[in-house]
Every structure is written in C-alpha cells, then in structure tokens.
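Hi,

Here's the structure I said I'd pass on. Have a look at it first, and then I'll go through what turned up.

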Amino acid sequence: SEVAHEIGTPLSIISGRTEVIQKKLPSDHPLAKDATTVLRQVERISAILRQLLDYARPRRLTRNPLPVEPVFNRVVELLEPIAIRRQVRLASRIPGPLPPILADADQLQQVLLNLVTNALDATPGGGQVRLTATADESGPIPSAGDDRPRTRRGRTPQPCVTLRVEDTGCGIPSERLEKIFEPFFSTKERGGGTGLGMAIVEDIVRAHGAAIEIESAEGRGTTVWLRWPAARAGAETAGDGNAEALPAAPAPMGKA
C-alpha cells in the first residue's frame with residue numbers, strides 16, 4: 001500500500017499536468033496525440049495499482065439471494081462492445097427457471113467479468129463466448145471437450161447452481177493450466193495483464209463456499225464451471241456477523 005501510494009502521487013501530478021497541456025494544444029497539433037498516449041498509459045498504470053491494492057486489501061463479504069439472469073445481462077452489456085470490436089459473438093442463455101444464488105452481487109459480477117474478459121482475449125474473430133446456467137448439478141460435471149485436462153478449486157456446495165463460461169478460443173496448454181490460479185502467473189504475452197485475475201476469482205469463489213473447475217486444451221477452447229451455493233428459502237443477508245474477508249473488486253481488467 002505504501003509503494004502504491006508513493007507511485008500514485010507523482011502519477012496524479014503527471015496526469016494533471018498532461019491534461020493541462022492537452023487542453024492548450026489544438027486538436028491538429030502534432031503533440032496532441034502524444035499527450036493522449038501519455039494519459040492512456042497513466043490510466044493503465046493506475047489500473048494495475050488498483051488491482052494490486054484490491055488483491056492485498058480484504059473487505060467484508062455481503063451475501064444476499066441473487067437472481068442469475070440480471071448479472072449475466074449486465075456482464076454482456078459491459079463487455080459486448082469489446083466482443084463486437086473483436087468480431088466475437090457474446091451471448092448468455094438460461095434454459096429455464098433457476099433458484100437465486102447466495103452471492104455478493106459486485107463480487108459475482110467481478111468473477112464473471114474476469115472470466116469473460118479472458119475468454120474474449122483468447123477467442124479469435126468469428127468465434128464465440130457463451131454464458132449459461134443450470135440448477136443443482138450435484139454430480140460430476142460432464143466433459144465439454146472429451147479428454148481436455150482439468151483443474152479445480154473449492155468444494156461443491158449443496159444445493160448449488162452451475163454457472164458456465166465457454167469459449168472457442170486458443171485454449172490453455174496443460175502445463176499452464178495447473179498454474180492458472182497462481183498470483184502473478186499469466187498466460188498473456190508480456191504486458192498483457194498482471195496475472196492476478198484468476199487469483200482474485202479463486203479468492204472470491206472460496207469465500208462464497210463455491211467451487212470452480214476449468215477444462216481446456218491448446219487449440220480446443222476453454223470451459224469454466226462455477227458451482228455456486230443456491231439461496232435456501234428464507235435466506236437473509238450474510239454480511240454482518242457472518243461476513244468474511246475478501247479482496248475488493250478491481251476494475252474489470254483482471255486477466256489470467
């Protein structure tokens with residue numbers, strides 16, 4: 001936190017002075033584009049600092065009965081512009097009525113944002129990313145890719161709702177799949193992410209008493225299952241006396 005503060009203060013000064021310069025430059029001035037580039041890079045550094053702080057600083061977890069469909073719709077709404085720009089089809093589907101799940105709304109949204117962002121990054125133009133959900137799949141998760149390797153974290157709750165994020169992207173090599181939840185490990189090219197996205201996802205999943213399972217292979221896409229606790233009848237907020245420590249939600253830039 002101290003290091004982030006020491007970096008953040010001069011960064012704010014750089015940002016402020018650059019904005020002043022930018023406002024004084026005509027739009028067609030040859031340095032106007034350079035000023036814009038500086039501001040974008042400052043924001044990128046600031047976002048990385050926010051994510052590091054969010055991973056390090058715990059916050060109280062507040063769980064409430066939450067319908068899945070509005071969360072799916074919000075994630076699609078937030079990330080659809082990115083999908084359109086990359087010519088990837090992003091869709092969500094809930095085949096029938098679902099019980100509400102017990103979740104912190106902001107944290108669940110952050111999990112899905114991280115997973116779908118990763119899926120979009122891995123999927124070439126013409127591919128697709130899908131979000132689906134089904135009720136109380138308490139048995140083994142059926143394989144979506146035959147012999148694709150899997151990795152799993154957490155314990156399956158009962159009863160549960162299974163949320164699924166599936167892509168037709170490049171997939172993850174088996175040797176990297178085993179390290180996917182390690183902090184600062186990234187499957188992206190250098191500079192493509194901090195490597196905290198999936199570590200944050202795992203922390204949120206475990207704090208909710210949920211489970212995550214990933215099946216992937218190089219060139220064969222990736223499927224992520226989230227086994228999330230279903231809200232029992234009469235469930236109330238679990239955010240005061242029973243609250244748990246959890247990393248706060250970062251900006252939706254977290255990448256594995």
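**Charged pairs**

Arg164 counts as partly exposed, at 23% relative accessibility. Its salt-bridge partner is Glu166, with the closest N and O atoms 2.8 Å apart. Glu166, with a relative accessible area of 17%, is buried; the cut-off for that label is under 20%. Before you go further, bear in mind that this is a predicted model.

So how many salt bridges does a search of the whole structure find? The search gives 10. As a bit of background, side chains of opposite charge can pair when their charged atoms come close.

Another pair to look up is Arg74 and Glu77, whose side chains meet in a salt bridge at 3.4 Å, N to O. Both sit in helix 3 (residues 68–85), and because they are 3 residues apart there, about one helical turn separates them. Arg74 is partly exposed, with a relative accessible area of 37%, while Glu77 is exposed at 52%.

Then there's Arg86 with Asp121, where the closest N and O atoms are 2.4 Å apart. Arg86 lies in the loop between helix 3 and strand 3 (89–93) and Asp121 in helix 4 (residues 105–122), so this salt bridge ties together parts that are 35 residues apart in sequence. Arg86 has a relative accessible area of 32%, which makes it partly exposed, and Asp121 is partly exposed too, at 27%.

Salt bridges also link Arg148, Arg150, Arg152, Glu213 and Glu215 in a network.

**Helix 3**

Helix 3 comes up again here. Its 18 residues should span 26 Å at 1.5 Å a residue, and the C-alpha atoms at its ends are 26 Å apart, so the two agree. Where does helix 3 bend? The bend is at Leu79, by about 50°, and a proline, Pro81, follows within four residues.

Leu79 is also one of the buried residues of helix 3; the others are Val68, Val71, Phe72, Val75, Val76 and Ala83. What covers these buried residues? The cover includes strand 2 (64–66), strand 3, strand 4 (101–103), helix 4, strand 5 (128–135) and strand 7 (160–167).

**Two backbone oddities**

For context, most residues other than glycine have a negative phi, and most peptide bonds are trans.

Just after helix 3 you'll find Gln87, with a positive phi of about 60°. Gln87 is not a glycine, yet it takes that positive phi. Its place is the loop between helix 3 and strand 3, and at 61% relative accessibility Gln87 counts as exposed.

The other one is the peptide bond from Gln158 to Pro159, which is cis, with omega near -10°. Look for Pro159 in the loop between strand 6 (150–154) and strand 7.

**A nonpolar patch**

Which residues make the nonpolar surface patch of about 250 Å²? They are Val3, Ile7 and Ile45. Ile7 belongs to helix 1 (residues 2–24), and its relative accessible area of 36% makes it partly exposed.

If you'd like a place to start, try helix 3: you can find the bend at Leu79, then Gln87 just after the helix, and then the salt bridge from Arg86 to Asp121.

Cheers

Methods. Residues numbered from 1 in each chain as written. Predicted model: local features only at pLDDT ≥ 70, side-chain atom pairs only at ≥ 80, totals over all residues. Heavy atoms only, no water. Salt bridge = Lys/Arg side-chain N within 4 Å of Asp/Glu carboxyl O. Helix = DSSP H or I, 4+ residues; strand = E, 2+ residues; numbered from the N terminus. Buried < 20%, exposed > 50% of the residue type's maximum accessible area, 1.4 Å probe, protein only. Patch = residues over 30% accessible without salt bridge, like charges linked within 9 Å, V, L, I, M, F, W, Y side chains within 5 Å. Areas by Shrake-Rupley, 256 points an atom, 1.4 Å probe, with all protein chains shown as cover. Expected span 1.5 Å × (residues − 1). Bend = angle between axes of the 7 residues up to and from the residue. Contact = heavy atoms within 4.5 Å.
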